[in-house]
Protein chains: 2
Amino acid sequence: MRYAVFMQPTRAPQSRKTRSADRRAELIAVGKRVFASRPYDAVATEDLAAEAGISVGLLYHYFGDKRGFYLATLRSAADQMLLEVDFHGATLVEGAAPLLERFMDFVELHPAMFRGILRGGVGADAEVYALAATVRQTFIDRILRAAGCAKVSPERLLAMHAWLGSAEAAALYFIDGGADREAVVNLLASTLPPFLFEELA
Amino acid sequence: MRYAVFMQPTRAPQSRKTRSADRRAELIAVGKRVFASRPYDAVATEDLAAEAGISVGLLYHYFGDKRGFYLATLRSAADQMLLEVDFHGATLVEGAAPLLERFMDFVELHPAMFRGILRGGVGADAEVYALAATVRQTFIDRILRAAGCAKVSPERLLAMHAWLGSAEAAALYFIDGGADREAVVNLLASTLPPFLFEELA
């Protein structure tokens, strides 16, 4: 009977595509770790490849270049933030404080990725900018939905963008050691645009 | 009598140091124009030197490298913003609206520089970050002084950073065409942290 174990594979063999996707995910995990501890400009492509245990050629094969690799780690971090920081069906009144706690959980665990998505370095990168814009728009849509606000005026949309900007600034100030977490959550909960609570009154 | 004009120089001859500073200022003006219209990564050092009418070697002599040149233009733009966007002795109640108008004047005239100071591209640049932090701290100090608030608690300092973050986000939203200028000024004037007006009540 023992030899049947060897005959029967414990799981179905992976397709080449699945293996490639797994490999890519592994590399992105390495990238997140490296870019979280060292500034982008200080990381050599050779070091990245060595850290991931692959050749520079293979890294280029997967991501094009160092910037492509960095963008892939940022995108992955942004996806994770959007997955974790959600209302999960709660209304704004029930869900605002838990959402802000989850937001701060992410910020606390991934400060370098959070900063990388929202604030870059030298120059302006259109793809990073577009990624940040998508994240912002998603959060604004979620908050409006949780508040039961279907359509909003341009002024109210501006107020949402300004509030989100204050959330980003407060979180970065927290990362830099300027404020404690509870103060950030309390401030942001109390400065949400008042119109969000009108529909519910 | 006419020949006396030729004998007497109309202005004192410049020292080598002054000429060098003038040249640097001229080059920075060129840099601001170039970086305002094209993304950092798309500008070749050779193009910058050609635009400025100097050799690449001389550009390196003045600024070290392309990044050094870019940082010099950002610093110069930040200095200009701090010079123009001030209370000029007014109190917060009198001065808030004019200050916000001057802020939006700067944003409207120098959108690329404003974005460059506050939001970069790929990676995180410590010097750009430090520059933005200095600009923010200066504005916070000015607003607190105009409000007559000498010492503030950490919570109030956090509220100031959050409000400034909302001002940056609203201005960037304006640059991207999302909101009109008047709406931004009205929103920011109405969302200044309430404690700023307590001292005056």
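How do the residues of the lining of the largest pocket divide into nonpolar, polar and charged? Let's look at the pockets, and then at the chains around them. Please keep in mind that this is a predicted model.

## The largest pocket

The answer to the opening question is 16 nonpolar residues, five polar ones and one charged one. The pocket that they line has a volume of about 460 Å³. There are 22 lining residues, and those closest to the centre of the pocket are A:W163, A:T191, B:W163, B:T191 and B:L192. Notice the letters in front of these names: both chain A and chain B appear in this list.

Which helices take part? Three elements each give two or more residues to the lining of this largest pocket. From chain A these are α9 (154–175) and α10 (181–190), and from chain B there is α9 (154–175).

## The second largest pocket

Next comes the second largest pocket, with a volume of about 250 Å³. It is lined by 13 residues, and the closest to its centre are A:Y129, A:R136, A:H161, B:Y173 and B:D176. Here, too, residues of chain A and chain B sit in one list. The elements that contribute two or more residues to this lining are α8 (126–146) and α9 of chain A, along with α9 of chain B.

Sorted by class, the lining of the second largest pocket holds six nonpolar residues, three polar residues and four charged residues. You can set these numbers beside the 16 nonpolar, five polar and one charged of the largest pocket.

## Chain A as a whole

Now step back and follow chain A along its sequence. You will meet ten helices and zero strands, so the pattern, defined by helix and strand runs, reads α-α-α-α-α-α-α-α-α-α.

Of the 201 residues in chain A, 46% are buried. The accessible surface of this chain is about 10400 Å², and carbon and sulfur atoms account for 56% of that surface. What share of the contacts in chain A with a separation of 6 or more joins residues 24 or more positions apart? That share is 69%.

## The nonpolar core

In soluble globular proteins, nonpolar side chains tend to be buried together. In this model, the largest nonpolar core has 138 residues. Two of its members, A:L196 and B:L196, touch the most other members.

Take A:L196 as a place to start looking. Setting aside neighbours within four places in sequence, A:L196 is in contact with A:L92, A:I143, A:L144, A:A147, A:C149 and A:M160.

## Three residues to find

A:H88 has a phi near 50°, which is a positive value in a residue other than glycine. You can find A:H88 in the loop between α5 (66–84) and α6 (92–109) of chain A. Is A:H88 buried or exposed? A:H88 counts as exposed because its relative accessibility is 55%, and the cut-off for exposed is over 50%.

In chain B, B:H88 also has a positive phi, about 50°, although B:H88 is not a glycine. B:H88 lies in the loop between α5 (66–84) and α6 (92–109) of chain B. With a relative accessible area of 55%, B:H88 is exposed.

The last stop is B:P98, in helix α6 of chain B. B:P98 has a relative accessible area of 34%, so this residue is partly exposed. In sequence, B:P98 and B:D86 are twelve residues apart, and in space their C-alpha atoms are 8.9 Å apart.

Definitions and conventions:
Residues are numbered from 1 along each chain as its sequence is written. Chains are lettered from A and ligands numbered from 1 in the order in which they are written. This is a predicted model: local features need pLDDT of at least 70, side-chain atom pairs count only at pLDDT 80 or more; totals for chains, interfaces and linings use all residues. Side-chain values use heavy atoms; hydrogens and water are left out. On a 1 Å grid over the protein atoms alone, a cavity is a set of points where a 1.4 Å probe fits but cannot get out, and a pocket is an open set with protein on both sides within 12 Å along at least five of seven lines; lining residues have an atom within 4 Å of a point. Grid points are joined across faces, edges and corners, and a volume is the space filled by probe spheres set on the points. Helices (H or I, at least four residues) and strands (E, at least two) are DSSP runs, numbered from the N terminus. Ala, Val, Leu, Ile, Met, Phe, Trp, Tyr, Cys and Pro count as nonpolar, Asp, Glu, Lys and Arg as charged, and the others, Gly among them, as polar. Buried means under 20% relative accessible area, exposed over 50%, partly exposed in between (1.4 Å probe, protein chains only). Contact means heavy atoms within 4.5 Å. Accessible areas come from the Shrake-Rupley method with a 1.4 Å probe; for residues, only the protein chains shown count as cover. A nonpolar core is a set of buried Ala, Val, Leu, Ile, Met, Phe, Trp, Tyr and Cys residues joined through side-chain atoms within 4.5 Å.
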